[in-house]
Amino acid sequence: TEGYKHQARFWYPMEGGFESVVRAVAKPLPQERIRLNAPVKTVRKAGTGFLVNGEEFERVVSTVPLKELAKALDDVPEEIVRAFDGLDSTSVASILVAIDEPPRDDRSWIYFPHASAGPFNRITHLSNYSPANAPEGKRSILAEVTYRGAPPDLDALQEQVVDCLHADQLLEKDRVLFTRAFTNKYAYILYTHRLEESLGVVRRFLEDRGIDILGRFGNYQYFNSDQCIRSALDFA
Ligand SMILES: Cc1cc2nc3c(=O)[nH]c(=O)nc-3n(C[C@H](O)[C@H](O)[C@H](O)COP(=O)(O)OP(=O)(O)OC[C@H]3O[C@@H](n4cnc5c(N)ncnc54)[C@H](O)[C@@H]3O)c2cc1C
């Protein structure tokens with residue numbers, strides 16, 4: 001797509017899917033320093049450092065979505081709360097469809113600008129990214145459906161996606177092995193008129209608190225994963 005040329009060529013792991021990138025980053029690190037399933041609930045200034053969930057730290061570098069970070073802060077003035085509220089975004093439901101058929105072509109993904117084709121704005125042929133992404137002789141499609149507010153009924157959505165892909169001649173319905181649905185609350189930044197001003201206020205507030213921010217929703221920049229990793233390396 002014009003304007004998206006930087007995405008025309010990309011690297012993808014042969015084994016382990018995209019998660020293997022995260023695993024490779026984590027591998028050389030001291031494992032006892034990595035904590036998983038550890039939601040940050042409170043971030044408080046304490047002397048020259050911070051208390052995070054009541055535990056002392058010298059520094060806070062946050063990559064959690066700014067609106068989630070806001071919930072963990074105390075003493076946030078009303079105008080700053082309004083600025084956090086001014087950071088709008090859309091969510092996405094990702095529907096994976098497993099198909100009992102070998103890949104039909106070598107396409108990576110297709111955009112769907114017209115609602116008549118289905119609820120999805122893009123489908124990705126994940127099984128074309130690496131032969132290890134699907135068993136031999138099978139293929140998969142990942143359909144992305146954006147939404148705002150509460151998640152849609154995922155059972156109904158999976159059925160609708162399969163029906164539409166069938167109608168669009170992108171699969172035969174009777175070849176579908178199974179479907180899975182996942183949601184991401186924070187998917188795409190919405191570039192509203194109030195975004196720039198709100199973001200400026202939020203960033204200045206966090207800078208004054210001594211909290212460093214990075215990442216896509218952590219710093220509200222339209223970053224793909226490579227840019228997130230680049231900015232983290234630059235920061236470090
Ligand atoms: C549908 C979709 C498709 C995409 N496709 C591509 C692609 O093909 N290629 C590409 O390069 N990029 C793609 N991206 C973008 C890529 O996913 C992001 O750029 C990248 O994941 C952002 O990394 P991050 O570390 O900033 O944030 P995230 O990966 O979102 O990580 C933020 C983390 O913070 C955690 N968190 C939230 N609240 C708390 C809390 N209170 N305490 C602790 N942790 C918390 C979340 O659970 C999450 O794990 C896609 C994004 C979407 C939504």
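Helices (H or I, at least four residues) and strands (E, at least two) are DSSP runs, numbered from the N terminus. With that in hand, let's walk through this structure. It is a predicted model, in which local features need pLDDT of at least 70, side-chain atom pairs count only at pLDDT 80 or more, and totals for chains, interfaces and linings use all residues. Residues are numbered from 1 along each chain as its sequence is written, and side-chain values use heavy atoms, with hydrogens and water left out.

## A helix residue to start with

Find Ala70, which sits in helix H2. Is Ala70 buried or exposed? Ala70 counts as buried because its relative accessible area is 18%; the cut-offs are under 20% for buried, over 50% for exposed and partly exposed in between (1.4 Å probe, protein chains only). Now look for Thr42: along the chain it is 28 residues from Ala70, and the C-alpha atoms of these two are separated by 9.5 Å.

## The three-stranded sheet

Next come the sheets. Two strands pair if DSSP finds at least two bridges between them. One open sheet is made of three strands in the order S1-S2-S3, with antiparallel pairing. S1 and strand S3 (55–57) are at the edges, each with a single partner strand, so one side of each has no neighbour in the sheet. On average, neighbouring strands here are turned by 30 degrees against each other, direction ignored. Such angles come from axes, lines fitted to C-alpha atoms (for helices over the stretch in contact), and run from 0 to 180 degrees between N-to-C directions.

S1 and strand S2 (residues 49–52) run antiparallel and are joined by four bridges. Within S2, Gly49 is the residue opposite Ala46.

## The five-stranded sheet

Another open sheet has five strands in the order S6-S7-S8-S5-S9, and its pairing is antiparallel too. Its edge strands are S6 and S9, each of which pairs on one side only. Here the average turn between neighbouring strands is 20 degrees, direction ignored. Helix H4 (residues 154–167) packs on this sheet and touches S5, S7, S8 and S9, while its direction makes about 60 degrees with that of S5. Contact here means heavy atoms within 4.5 Å.

Let's zoom in on S8. How many of its nine residues are buried? Eight are, leaving S8 mostly covered. S8 runs antiparallel to S5, and nine bridges join the two. Strand S7 (residues 122–124) also pairs with S8 in the antiparallel sense, over three bridges.

Leu142 in S8 is a handy landmark: Thr124 stands opposite Leu142, and so does Leu96. Ala143, also in S8, is the bridge partner of Ile123. As background, side chains in a regular strand alternate between the two faces of the sheet.

## Salt bridges

A salt bridge is a side-chain nitrogen of Lys or Arg within 4 Å of a carboxyl oxygen of Asp or Glu. How many salt bridges does a search of the whole structure find? The search finds 16, and the table lists some of them.

| Salt bridge | N to O distance |
|---|---|
| Arg23 and Glu19 | 2.5 Å |
| Glu68 and Lys185 | 3.4 Å |
| Glu101 and Arg139 | 2.7 Å |

Start with the Glu68 and Lys185 salt bridge, at 3.4 Å. This pair links distant parts of the chain, 117 residues apart: Glu68 is in helix H2 (residues 66–72) and Lys185 in strand S9 (residues 176–189). Glu68 is partly exposed because its relative accessible area is 26%.

Arg23 and Glu19 are both in helix H1 (residues 19–26), four residues apart, which is about one turn of the helix. Arg23 counts as exposed because its relative accessibility is 56%, while Glu19, at 46%, is partly exposed.

Finally, Glu101 and Arg139 form their salt bridge with the closest N and O atoms 2.7 Å apart. They too link distant parts of the chain, 38 residues apart, with Glu101 in the loop between strand S5 (89–99) and strand S6 (109–111) and Arg139 in strand S8 (residues 139–147). Glu101 and Arg139 are both buried. Through salt bridges that share partners, Glu101, Arg104, Arg139 and Glu172 are joined into one network.
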